[in-house]
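Work through the exercises below with the structure in view. Try each task before reading its solution.

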Amino acid sequence: MASCCCPDILAWIQNLPPLDEWRTTAMSICICSPNSSNHPSLNLSVTKNPSLSFSIVADFHLPISLWTSKSFKSRSKSSRLLDEETVSRLLSNIIEDVLGYGSNKNNSWLRIPRIDPLANFRDIFSLSFHTLTFLILIYEAPADLRSVCLTNVKNQLALSQSREASKLLMRILGSNLEEQWMKSVNLAITNWIVELQATGQTLKTPSPLFSYAISTVGLWKVQVYCPVIAMDIDNPSSSSPDERLMFSLNYHQLEGVIQFNYRVVVRERWVEVMVNIDNIRCDVGRLVSEALMTERGVGAAEKHFPSRISLQLTPSLQTNLLSVSVGKSSENPTREIGMEKAIEAGFDAPNSYLSLKVSAAETMTMSLKPWKFEQSVYGYAANLNWFLHDSVDGREVVSSKPSKISLIQPKSWFKDRYSSAYRPFTRQGGVVFAGDEYGGSVCWKVDKSALGKTMEWEVKGRIGLTYWPNKHRTFYNETRRLEFRDVLSLTLG
């Protein structure tokens, strides 16, 4: 095990003495120190030569630099080595290098905004630095140092303080850089899990690895990211995938966005809180380039698809609640039944009687939409569910298995599923539900004594991803599950 001293990196940087007080050309602080003297420690060092640069170093007998920052100028006439502008540029350098570990190199036009010292600047700096350290340990560190320090850094990133800081950082970066950031992190986590699985080890990860909720005037939003390989398997396959198929399936991430619009309406005898579904989006995005997917896998088209999305909205304090109402679910499949009758007449051998054959056949056609939306109530909790159904037999995909015959039939509905005109997904393999026939509303009536108070709602979600073969010939199929929880709030009045 490694001892986790959890130093305040920003405080150490801000308190570095002026250069004329240095007795050596470098100063360092320990980031992670193994309990055993046989393992090196992981240090952050700052060196003058002649400008300043920071390095993350594996402190062997001959130190090994794992990462080096850009060069910065020091303040000549000040009690502090670096001013606020330089520290802000160092943070931008760290964020830029985190993004650089991802596979998407086409976002060079996106600019990293300057993050000025704010009330939460320390938390954002700590989160960014620990994220960079996490990536460096996975990709750059020697095996013995990586094994003892990764868990400590992962635990730091899982703290509530880090999760709050990540919410602030993502809002500053914007949606495009947020997605690139998450792909960098989830690609590293996927590589780490693949490495552990190769040696028969497992990694218990929080579920999800990253999510955050935003509550603002009239809008609730929950964002969820998780590498597919870290999701729990709900419906395992009886057959095993080949190595190339496993690569394609593993190197994707789930990206989910849940958006609600809400209104607070004051009536004569109560207050109505009306929540409407604005957008539910679920995508499965690749973590590596298409070229690498083709080279080491079976292409980017072999991946999981969304098969179920379930949400539960529950008021945390229910003292002042009077009732809850939900809208209708989507329509059931329509069935058309028709009768076909045919009369056959014919003669047998000469002088025989007339043989008449009468047959009646019943035919049935079913109009089935691929997605079914259902709403229900449990206590004061509203349940919202979207289920994908097999277009042939109407069964829920998330809880069923395809027949072996359908797996080899080229015209099965799930074959070429991202190019068919009847596909139940977007061309990229995701789904988008808006507030129309696949969405609805929920209305809570609240006693007027709660006016002016802030109420919290817990949102619990469950997303199912299923893999059935697309173009690749295999009998392998599976369903994976992700569960998440966040808290949303609004003020009555």
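**Exercise 1.** Decide whether Leu52 is buried or exposed, and describe its surroundings.

Solution. Step 1: Leu52 has 0% relative accessibility, so it counts as buried. Buried means under 20% relative accessible area, exposed over 50%, and partly exposed in between, with a 1.4 Å probe and protein chains only. The model is predicted: local features need pLDDT of at least 70, side-chain atom pairs count only at pLDDT 80 or more, and totals for chains, interfaces and linings use all residues. Residues are numbered from 1 along each chain as its sequence is written, and side-chain values use heavy atoms, with hydrogens and water left out.

Step 2: Leu52 belongs to strand 4 (residues 52–59). Helices (H or I, at least four residues) and strands (E, at least two) are DSSP runs, numbered from the N terminus.

Step 3: Setting aside residues up to four places away in sequence, Leu52 touches residues including Leu19, Trp22, Phe72 and Leu81. Contact means heavy atoms within 4.5 Å. Leu81 lies 29 residues from Leu52 along the chain, and their C-alpha atoms are 9.6 Å apart.

**Exercise 2.** In the open sheet of 6 strands, find the strand order and explain why strands 8 and 15 stand at the edges.

Solution. Step 1: The order is 8-20-19-11-16-15, with antiparallel pairing. Two strands pair if DSSP finds at least two bridges between them.

Step 2: Strand 8 (232–235) and strand 15 (371–378) each have a single partner strand, so one side of each lacks a neighbour in the sheet.

Step 3: Inside the order, strand 11 (residues 305–315) and strand 16 (residues 381–388) run antiparallel and are joined by 6 bridges. Gln312 stands opposite Asn383 in strand 16.

**Exercise 3.** Describe how helix 2 and helix 6 cross, and which residues make the contact.

Solution. Step 1: The axes of helix 2 (residues 84–99) and helix 6 (residues 175–198) come within 8 Å and cross at roughly 65°. Axes are lines fitted to C-alpha atoms, for helices over the stretch in contact, and angles run from 0 to 180 degrees between N-to-C directions.

Step 2: Helix 2 supplies Ile95, Val98 and Leu99, while helix 6 supplies Leu177, Gln180, Trp181 and Ser184.

Step 3: Leaving out neighbours within four places in sequence, Trp181 also has contacts with residues including Ser128, Thr131 and Leu169.
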